[in-house]
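Trainee: I am new to this structure. Please take a close look at one part of it, the aromatic rings, and tell me what lies around them.

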Amino acid sequence: MKVEVRQSSDVTILDLKGKITIGTGDIALRDAVMEAVDSGATKVLINLGQVTTIDSSGVGELVSAYTTVTNRGGKLKLVNLPSKVADILQITQLITVFEVFDNENDALASF
Amino acid sequence: MHTAREQVTGLLGRLAIGSRFENIELVQIVLAEIVEGLGFDSDTAHWIEVAVREAVANAIKHGNRLDVEKKVEIAVSVDQGNLTIEVRDQGQGFELVELGDPLDPTNLMKPSGRGILYMRRFMDQVDYRRGEPQGTVLTLRKRVPPGAATI
């Protein structure tokens, strides 16, 4: 999985591309979130638009990312969920935990 | 010469991988080829692949405990209209421990414990047994679409 980091005003946007799966993708996500938080980010938007596959480890990392950012007083939100990622989060009822947006502008305006 | 379409049956593929997570990609490539050939629609094929990814990850992590010298064997077959995928590790045996219902509100934010739920959701049947002479065998089954599993 590839992670690209952008900044829009005070929101740090992580663009994820590929598979958030055990062994590589999940670790890349964890590292990217920790790096953002350690750099002082408190508003984190994860763009999942280019994610092709996510497994339980990837879901676990999303949950951990949410907890990490929230525990530091920040907010983590998700945008552009492909249907299969939305399905995976729906099955484990996490879709109700995350704030999810269909487009980036709405997501940015919500922080 | 075949005058009628025949049902696919029997062993379709067998693969042994070292206990590295990156080898799951190889499993997925082989499995995707087989599943596509059986006539599953693309969404169902995707979910089967996710279930098998979970099973193989379990075998690597909990079965073989990341020992790269130990193999995970994956056998794919069709029998009586069911796609059957057996995932066998060489570990000391592990229980598919339910780490608590991942849908329970108290467990919702735990970082792990969802793999079994996904496997059961995406497949028709998920069983496990102790392997001989060692390890654990996880068996995943999915009904092949009627009339699709033909050659």
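Mentor: A residue counts as buried under 20% relative accessible area and as exposed over 50%, with partly exposed in between. The model is predicted, and the predictor gives the complex an ipTM of 0.91 and a pTM of 0.91.

Start in helix H2 of chain A, where A:Ser64 is found. A:Ser64 has a relative accessible area of 23%, which lies between the two limits, so this residue is partly exposed. Its C-alpha atom is separated by 8.0 Å from that of A:Arg30, although the two residues are 34 residues apart along the chain.

Now the rings. A pair of aromatic rings is described by the distance of the centres and the angle of the planes. Centres must lie within 6.5 Å for a pair, and the count over all chains is three aromatic pairs. One of them joins A:Tyr66 and A:Phe98: the ring centres are 5.4 Å apart and the planes stand at 80°, so this pair is edge-to-face. A:Tyr66 belongs to helix H2 (residues 56-71) of chain A, while A:Phe98 sits in the loop between helix H3 (83-91) and strand S5 (99-101), so the pair ties together parts that are 32 residues apart in sequence. The two partners differ in cover: A:Tyr66 is partly exposed, at a relative accessible area of 22%, whereas A:Phe98 is buried, at 5% relative accessibility.

Another pair is in chain B. The rings of B:Tyr118 and B:Phe122 have centres 5.9 Å apart and planes at 5°, so they are stacked. Both residues lie in helix H3 (residues 115-122) of chain B, four residues apart, which is about one turn of the helix. B:Tyr118 is buried, at 0% relative accessibility, and B:Phe122 is also buried, at 6%. Together with B:Trp47, these two residues form one aromatic cluster.

A ring can also have a charged side chain over its face. A:Lys77 lies over the face of A:Phe111, at 4.5 Å from the ring centre.

Next, the backbone in some of the loops. The loop of chain A between H3 and S5, which holds A:Phe98, also holds A:Gln93. A:Gln93 has a positive phi of about 60° although it is not a glycine, and it is partly exposed, at 37% relative accessibility. A:Asn80 likewise is not a glycine and has a positive phi of about 60°. A:Asn80 lies in the loop between strand S4 (75-79) and H3 of chain A; at 25% relative accessibility, A:Asn80 is partly exposed. In chain B, a cis peptide bond joins B:Glu132 and B:Pro133, with omega about 5°. B:Pro133 lies in the loop between strand S4 (125-130) and strand S5 (136-143) of chain B.

Last, the confidence in chain B. Its mean pLDDT is 89, and 87% of its residues reach 70 or more. Confidence in this chain is lowest in S4(B), at a mean of 93, and highest in strand S3 (residues 82-88), at 97. Over residues 1-5 of chain B the pLDDT is below 50, and beyond near neighbours in sequence this stretch has three contacts in the model.

Terms used
Residues numbered from 1 in each chain as written. Chains lettered and ligands numbered in written order. Heavy atoms only, no water. Phe/Tyr/Trp six-rings, centres within 6.5 Å; stacked < 30°, edge-to-face > 60°. Helix = DSSP H or I, 4+ residues; strand = E, 2+ residues; numbered from the N terminus. Buried < 20%, exposed > 50% of the residue type's maximum accessible area, 1.4 Å probe, protein only. Lys NZ or Arg CZ within 6 Å of the ring centre and 35° of its normal. pLDDT = per-residue confidence, 0-100. Contact = heavy atoms within 4.5 Å.
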